[in-house]
Amino acid sequence: MRVTLLLSVLLAPLGALAAPAAYPIEHAAVEQRQNRPAKPKPCVAIVPAPSVNETLARFNKFAQAFIYKKNITEAFEYISKEYINHNPAAQNGFDSAWNILSPIWGSQSITPLRTTFKDPQGWLNYRTGSFGEVVDRFRWADGCIAEHWDQGEKYPTTT
């Protein structure tokens, strides 16, 4: 009897290892985050401010990452922490924009149409399966995207 009781006490912890583990909610959240792209650090103002040609080059790299490669992580490296978003459905700030776009951007069907830069602003025109034709306008300051418009925007006819 003592041997049975002793074995029960010693083996009981091993029985817990064989039982199916509960799947805690926080573990599911970690997995969900792991499926998202890596969140970059926001763009930091360049001092002294870059030239118009340097800003144009940065705009082109942003456009390539955002609508051609759909690399949301690389694209967001050009967005400042204090980013102002003029879309009424979105809040201001890098984090708000990241939280809206990062979960969906990789699955979007994007057809780039054209890009234009006229200091200090750049335009992206593209078509998506979810949103239709989009014109995004971005204001650049100190090498970073400081402001964004996408509601009722028209692509510029002159550059």
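Me: Quick one: is E147 buried or exposed?
Reply: E147 is buried, with a relative accessible area of 12%. Buried means under 20% relative accessible area, exposed over 50%, and partly exposed in between, with a 1.4 Å probe and protein chains only.

Me: Anything I should know about the model before I go on?
Reply: This is a predicted model, where local features need pLDDT of at least 70 and side-chain atom pairs count only at pLDDT 80 or more, while totals for chains, interfaces and linings use all residues. Residues are numbered from 1 along each chain as its sequence is written, and side-chain values use heavy atoms, with hydrogens and water left out.

Me: Cool. Which residue forms a salt bridge with E147?
Reply: That's R139, and the closest N and O atoms of the two are 2.6 Å apart. A salt bridge here is a side-chain nitrogen of Lys or Arg within 4 Å of a carboxyl oxygen of Asp or Glu. R139 is partly exposed, at 26% relative accessible area, whereas E147 is buried.

Me: Why would side chains pair up like that?
Reply: Side chains of opposite charge can pair when their charged atoms come close.

Me: How many salt bridges does the structure hold?
Reply: There are 6 salt bridges. One of them joins D95 and K81, with 2.9 Å between the closest N and O atoms. D95 sits in helix 5 (residues 94–101) and K81 in strand 1 (residues 79–85), so this pair ties together parts 14 residues apart in sequence. Helices (H or I, at least four residues) and strands (E, at least two) are DSSP runs, numbered from the N terminus.

Me: And what about the exposure of D95 and K81?
Reply: D95 is partly exposed, with a relative accessible area of 29%. K81 also counts as partly exposed, at 42%.

Me: Which residues share a salt-bridge network with K81?
Reply: K39 and D95 do: the three are linked in a network of salt bridges.

Me: Got another pair for me?
Reply: Sure, E153 and R137: their side chains meet in a salt bridge, 2.8 Å from N to O. E153 is in the segment after strand 5 (144–149) and R137 is in strand 4 (residues 132–141), a link between distant parts of the chain that are 16 residues apart. Both E153 and R137 are buried.

Me: Let's zoom out. How many helices and strands are there?
Reply: The protein chain has 5 helices and 5 strands. Starting at the N terminus, the order is α-α-α-α-β-α-β-β-β-β.

Me: How much of the chain is buried?
Reply: Of the 159 residues in the protein chain, 35% are buried.

Me: New topic: how much space is in the largest pocket?
Reply: The largest pocket holds about 470 Å³. A pocket is an open set of points on a 1 Å grid over the protein atoms alone, where a 1.4 Å probe fits, with protein on both sides within 12 Å along at least five of seven lines. Its volume is the space filled by probe spheres set on the points, which are joined across faces, edges and corners.

Me: Which residues lie nearest the pocket's centre?
Reply: N87, L101, D136, H148 and D150 do, out of 25 lining residues, where lining means having an atom within 4 Å of a point.

Me: Which element supplies the largest share of the lining?
Reply: Strand 4, with 5 residues. Helix 3 (52–68), strand 1, helix 5 and strand 3 (121–128) are also in the group that supply at least two residues each.

Me: Okay, the backbone. Where are cis peptide bonds found?
Reply: One joins V47 and P48, with omega about -5°. P48 lies in the loop between helix 2 (25–35) and helix 3. Another cis bond joins D119 and P120, with omega about 10°, and P120 is in the loop between strand 2 (110–118) and strand 3.

Me: Why point those out?
Reply: Most peptide bonds are trans, and most residues other than glycine have a negative phi.

Me: Then which residues have a positive phi without being glycine?
Reply: K70 is one, with a phi of about 55°, and D142 is another, also at about 55°. K70 is in the loop between helix 3 and helix 4 (72–76) and is partly exposed at 28% relative accessible area. D142 is in the loop between strand 4 and strand 5, and counts as partly exposed at 38%.
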